[in-house]
Amino acid sequence: DTDIRMAGGVLHTIDFQLAPLRAGDGSITYLLPSAVDITDRKAAEQKLQESLAQLEATYVTAPVGLFLLDKQLRFIAVNRHQAGLNNKTIDEHLGKTLRDVIGEDAKQLEPHLRKVIKTAKPIDKFEFTRTDDQDPTIVRTFLASYHPLISQRGDILGVSAAMSEITDRKLAEERQKILSRELQHRVKNNLATVQAIARATGRSAKTIEEFSTRFSERLTSLARTHTLVTETGFSGADLRQIVRNEVTPYDEDLKRVYVDGPSLRLPTESALTLGMAVHELVTNAVKYGALSNVDGKVQISWTVDKEGLVLQWQESGGPEVRAPKTKGFGSQLLQKILVQQLKGDVEMDYKPQGLFAVIKVPAQSLAADVISEFIGT
């Protein structure tokens, strides 16, 4: 084949041939030349080669696993992505059976692959799980599509497969389901809490105006703590921030209220309930206790150990304290609702010099990592 520039400067590819013409004694007497213009054929071949190169590059670098299996389920071809999914090199696939490459996990795939070979019908979006080769505690989820590999004559040669890992997506879907169930649970709990607040406030209020004011204050307190919880994606709220949120409306600079305790992230339910409890203690101190005059002070402190949380509330410098003759909403919440929801214990000591309250929350009502952080396990 020779490239020849023809008339007009156009380059053509010519297939030249020379054939000998022999005499009777076998000697060559003449050469018979011939020429065929194969420019179009060469162009078509070049275009085909370029297309094949592009196809091969796409196959090799595709962001999805691609592979070919023969009728004995041996790997004919495999791309980089699929080799990576199997934690092996390309060479470790070629000529090996599916079971050689992925072990016992192949058992769940083989029936589907053989069905494609037998029926010549594809199987799309087949989902399956496998344990990770390097960490058996990890379960990986894959999505695969199998199509028959058919020759030009119509013979079944094997299976063409595409595969992608959807482990992260499945985990995200599972988290979404959990969050949805958790949200439903929290909404029900919040509605129950609001109902309890309404009933208790209604029993203690003497007028509609008093009911409206007290009910609004308590809902605002619940909303403040709920905001803290939602800002962390329902992972809880820090106790110090909960206390500050309830106290600062009455002592903005914290000159009369002293807060002392370690940083402690509470689970959502515990955070909401303790937020309400602190609100009631603060409200009671503002109305009747240490914060009702200019000299009173409040000491709020807490400790955490393997048994759980112990929060102490100590008032001093306020009016002389007397135990109430009837239980108001605050006492009911501290001694009933808080105990029921957190399975804790509340001690109220109405000392003349100031109210002293101790709230105990058991470890099971706190997140496991909260306790481990303080006991070093």
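A crossing of two helices is called right-handed if the near helix is turned clockwise from the far one by less than a right angle, and left-handed if anticlockwise. In this predicted model, the crossing of helices H7 and H8 is right-handed. Two packed helices are described by the angle between their axes and the distance between the axes. For H7 and H8, the axes come within 9 Å and cross at roughly 35 degrees. On the H7 side, the contact is made by Leu239, Ile242, Val243, Glu246 and Val247; H8 contributes Ala271, Leu274, Gly275, Val278, His279 and Val282. By class, eight of these residues are nonpolar, two are polar and one is charged.

An open sheet of five strands is found in the order S10-S12-S13-S15-S14, and its pairing is mixed. Strands S10 (257-260) and S14 (345-351) stand at the edges; each has a single partner strand, so one side of each is left without a neighbour in the sheet. On average, neighbouring strands of this sheet are turned by 10 degrees against each other, direction ignored. Helix H7 (residues 239-247) packs on the sheet and touches S10, S12 and S13, with its direction at about 165 degrees to that of S12. Helix H8 (residues 268-287) also packs on the sheet, where it touches S13 and strand S15 (354-362); the direction of H8 makes about 175 degrees with that of S15.

Both senses of pairing occur at strand S12. Strand S10 pairs with S12 in the parallel sense over four bridges, and Asp260 stands opposite Ser301 in S12. Strand S12 (residues 297-305) pairs with strand S13 (residues 308-316) in the antiparallel sense over nine bridges, and Val298 stands opposite Glu315 in S13. The side chains of the edge strand S10 alternate along its length. Val257 and Val259 point to one face and are buried, whereas Tyr258 and Asp260 point to the other and are not buried.

A further open sheet of five strands has the order S5-S4-S8-S7-S6, with antiparallel pairing. Its edges are formed by strand S5 (75-78) and strand S6 (123-131), each with a single partner strand, so one side of each lacks a neighbour in the sheet. Neighbouring strands here are turned by 25 degrees against each other on average, direction ignored. At one edge, strand S4 (residues 65-70) and S5 run antiparallel and are joined by three bridges. The bridge partner of Phe67 in S5 is Val78.

Definitions and conventions. Residues are numbered from 1 along each chain as its sequence is written. This is a predicted model: local features need pLDDT of at least 70, side-chain atom pairs count only at pLDDT 80 or more; totals for chains, interfaces and linings use all residues. Side-chain values use heavy atoms; hydrogens and water are left out. Two strands pair if DSSP finds at least two bridges between them. Helices (H or I, at least four residues) and strands (E, at least two) are DSSP runs, numbered from the N terminus. Axes are lines fitted to C-alpha atoms, for helices over the stretch in contact, and angles run from 0 to 180 degrees between N-to-C directions. Contact means heavy atoms within 4.5 Å. Ala, Val, Leu, Ile, Met, Phe, Trp, Tyr, Cys and Pro count as nonpolar, Asp, Glu, Lys and Arg as charged, and the others, Gly among them, as polar. Buried means under 20% relative accessible area, exposed over 50%, partly exposed in between (1.4 Å probe, protein chains only).
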